[in-house]
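Trainee: I want to test some labels against their cut-offs. Can we go through them one by one?

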Amino acid sequence: MAKLLIVDDEEKIREMIGKYAVHEGYEVSLAKNGKEALDIFKNHDFDVVIMDVMMPEMDGYKTLSLMKEIKEVHCIFLTALGEEYDRIYGFDIGGEDYVTKPFSLKELMMRIKVILKRNNNDDDYIAFGDMLIDEAAHIVKVDGNIVPMTNKEYELLLLLVKNKGKAVTREQIITKIWGYEYDNDDRTLDTHMKMLRKSLGSCSKYITTIRGVGYRFEKEVES
């Protein structure tokens with residue numbers, strides 16, 4: 001049974017997360033501030049720490065830094081902050097994910113599962129630049145954020161990534177992704193590719209169009 005440490009100065013939030021996590025099958029410990037969290041952390045091992053950033057006396061960033069001086073830990077930050085600098089700083093000190101308040105408990109549990117699966121089986125993951133594909137959870141993340149996409153977009157991305165550096169023809173893509181379902185409309189693939197690029201944002205630069213042939217997922221891209 002995976003063990004979680006939930007740290008938040010708001011009792012309602014930590015109790016809410018704790019009850020949901022117990023229902024999902026996790027063993028849970030709660031702390032109302034950074035100092036209490038450190039005291040618990042020194043004497044127990046946790047698979048994931050879910051920690052609020054904005055807490056009195058000692059914020060989540062400082063608490064995580066002190067935890068990492070004791071032993072390695074995987075951390076998801078809870079924050080109301082939306083600035084890019086705050087997210088980057090959290091990743092720099094060792095945070096693995098961010099959830100912005102207000103958040104969905106179901107999404108939080110999904111993010112916990114992603115971290116647990118990553119640590120238990122790295123073969124389920126494909127990392128490329130700022131992009132991470134979790135095949136087991138069917139999730140794509142860019143810059144640490146989960147990217148919503150349709151099943152066809154996901155299958156299209158996976159096909160290109162697994163053939164990175166190689167030209168994949170339109171015919172190969174259509175046969176692999178649509179098969180007998182293909183409606184013979186040449187715009188179908190183009191539309192899905194446009195949607196995929198939009199979903200990937202900054203990582204769309206890895207996909208190159210080869211005129212008259214198809215597409216290629218680049219091994220390296222000049223910045």
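The exchange below sets values in this predicted model against the definitions behind them.

Mentor: Start with the overall picture. The protein chain has eight helices and 12 strands. Buried residues make up 44% of its 223 residues.

Trainee: Why is Asp8 called buried?

Mentor: Its relative accessible area is 0%. Buried means under 20%, so Asp8 qualifies.

Trainee: What makes Lys101 and Asp8 a salt bridge?

Mentor: Their side chains meet at 3.2 Å, N to O. The limit is 4 Å, so the pair counts. Lys101 sits in the loop between strand S5 (97-100) and helix H5 (105-120), and Asp8 in the loop between strand S1 (3-7) and helix H1 (11-23). They are 93 residues apart. Both belong to a salt-bridge network that also includes Glu10 and Asp52.

Trainee: How do you know that Lys162 and Glu135 form a salt bridge?

Mentor: The closest N and O atoms are 3.0 Å apart, and the cut-off is 4 Å. The pair ties together parts that are 27 residues apart in sequence, because Lys162 lies in the loop after helix H6 (151-161) and Glu135 in the loop after strand S7 (131-134).

Trainee: Arg216 and Glu218 also meet in a salt bridge. Why is Arg216 called partly exposed, and why is Glu218 called buried?

Mentor: Arg216 has 25% relative accessibility. That falls between 20% and 50%, so Arg216 is partly exposed. Glu218 has 16%, which is under 20%, so Glu218 is buried.

Trainee: How many disulfides are there?

Mentor: Zero, in a search of the whole structure. A pair would need its cysteine sulfur atoms within 2.5 Å.

Technical notes
Residues are numbered from 1 along each chain as its sequence is written. This is a predicted model: local features need pLDDT of at least 70, side-chain atom pairs count only at pLDDT 80 or more; totals for chains, interfaces and linings use all residues. Side-chain values use heavy atoms; hydrogens and water are left out. Helices (H or I, at least four residues) and strands (E, at least two) are DSSP runs, numbered from the N terminus. Buried means under 20% relative accessible area, exposed over 50%, partly exposed in between (1.4 Å probe, protein chains only).
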